[in-house]
Amino acid sequence: KNMSDKRELPIGIFDSGMGGLTVLKAIASLLPAENLLYLGDTARLPYGTKGRDTIVRYTLLAAGKLVEIGVKMLVVACNTATSAALPVLQKEFAPIPVLGVIGPGARAACQASKNGHIAVIATQATVQGGAYQHAIDAINPGAKVTARACTLLVSLAEEGWTEGPIARAVLARYLDDIFHDPDAPDTLLLGCTHFPLFLNSLREVVGEETRIVDSASATAEDVAKRLDELGILRAGGETGKRDFLTTDNPERFTRVGGHFLGVAMNRNQARLVDL
């Protein structure tokens, strides 16, 4: 394909479910002209509790589907899949650039932190796999990382319960001991794409002075930089197309997806696809 054809190809964005829509939203707001193709593998979610080999197998299938349809870049908008499968995907789909959410999030957190103590909240698989701990250590070997799995937040986000007394109580239960410590972190990294929805509630729990870093916006900046370096940014002008694919139950995908996008989606916006 020549360059101009390539510019028109969509950016493929993949997640195990709906959380990656926070990454799509960040990319859409930074690069409104880009065509975006999103695939949520809702039939197989959650990935966060599965074994590494299974996660890699599912991720290859989903990414393969996007490549088959035609994309100029793959964004793995899932922390669990990034930590388990990124190098495998980069090798499998070269020369298509493949970006994950962990590197950008870790860099943004290291830049934000002044005292070198960073708290990371994520799913069980991401915390146990140590992906953020390794990524932060590679950038700032002196940093102290306190990681905590906040499993319940995923369900709360999908119910749309991200503000109010229940959300605050759950967040306080997970985070109070970390942030009410003399050696408290000054930066909180949201290591799961569901978690940006809790921004207002998190503020109330961790206080105004804590910096909250979200890997979605950091990833969007990485995407812009990479497309620019490769010379395949889509020319400005009209807004790009936004297409959504899901492997199960488009009704639920569009209903819950609306929480993540911050705008209601209609039922026919998501197409069912089989891997």
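**Helix α9, two pockets and two backbone features**

The buried residues of helix α9 pack against β5 (117-122), β6 (144-149), α8, β7 (187-190) and α10 (199-206). The model in front of the reader is a predicted one, and α9 is a convenient place to enter it. The residues of α9 that are buried are A167, V170, L171, A172, Y174, L175, I178 and F179. Helix α9 itself, which covers residues 165-179, has a kink of about 45 degrees, and this kink is centred on R173.

From α9 the reader can turn to α8, one of the elements against which the buried residues of α9 pack, and from there to the largest pocket, since α8 (152-159) and α4 (79-93) are the elements that give two or more residues to the lining of that pocket. Of these contributions, that of α8 is the greatest, with three residues. The volume of the largest pocket is about 360 Å³, and among the 21 residues that line this pocket, P46, G48, T123, V154 and H194 are the closest to its centre. By residue class, the lining of the largest pocket consists of 12 polar, seven nonpolar and two charged residues.

The second largest pocket holds about 180 Å³ of space. Its lining is made up of 14 residues, and those nearest the centre are T22, K25, A26, D214 and A216. Three helices, α2 (21-30), α11 (215-230) and α12 (250-261), each supply at least two residues of this lining. Here the residues divide into seven nonpolar, four polar and three charged.

Two features of the backbone remain to be located, and a general point prepares for both. Most peptide bonds are trans, and most residues other than glycine have a negative phi. Where in the chain is a cis peptide bond found? Such a bond joins A94 and P95, with omega at about 5 degrees, and P95 belongs to the loop that lies between α4 and β4 (98-100). Helix α4 has already been met as one of the elements that give two or more residues to the lining of the largest pocket.

The second feature concerns N249, a residue other than glycine whose phi has a positive value, near 50 degrees. N249 is found in the loop between β9 (242-246) and α12, and α12 is one of the helices that supply at least two residues to the lining of the second largest pocket. Is N249 buried, exposed or partly exposed? Its relative accessibility is 33%, and therefore N249 counts as partly exposed, a class that lies between buried, under 20%, and exposed, over 50%.

Conventions: Residues numbered from 1 in each chain as written. Predicted model: local features only at pLDDT ≥ 70, side-chain atom pairs only at ≥ 80, totals over all residues. Heavy atoms only, no water. 1 Å grid on protein atoms, 1.4 Å probe; cavity = no way out; pocket = protein on both sides within 12 Å on 5 of 7 lines; lining within 4 Å. Points joined across faces, edges and corners; volume = space filled by probe spheres on them. Helix = DSSP H or I, 4+ residues; strand = E, 2+ residues; numbered from the N terminus. Nonpolar A, V, L, I, M, F, W, Y, C, P; charged D, E, K, R; others polar. Bend = angle between axes of the 7 residues up to and from the residue. Buried < 20%, exposed > 50% of the residue type's maximum accessible area, 1.4 Å probe, protein only. Contact = heavy atoms within 4.5 Å.
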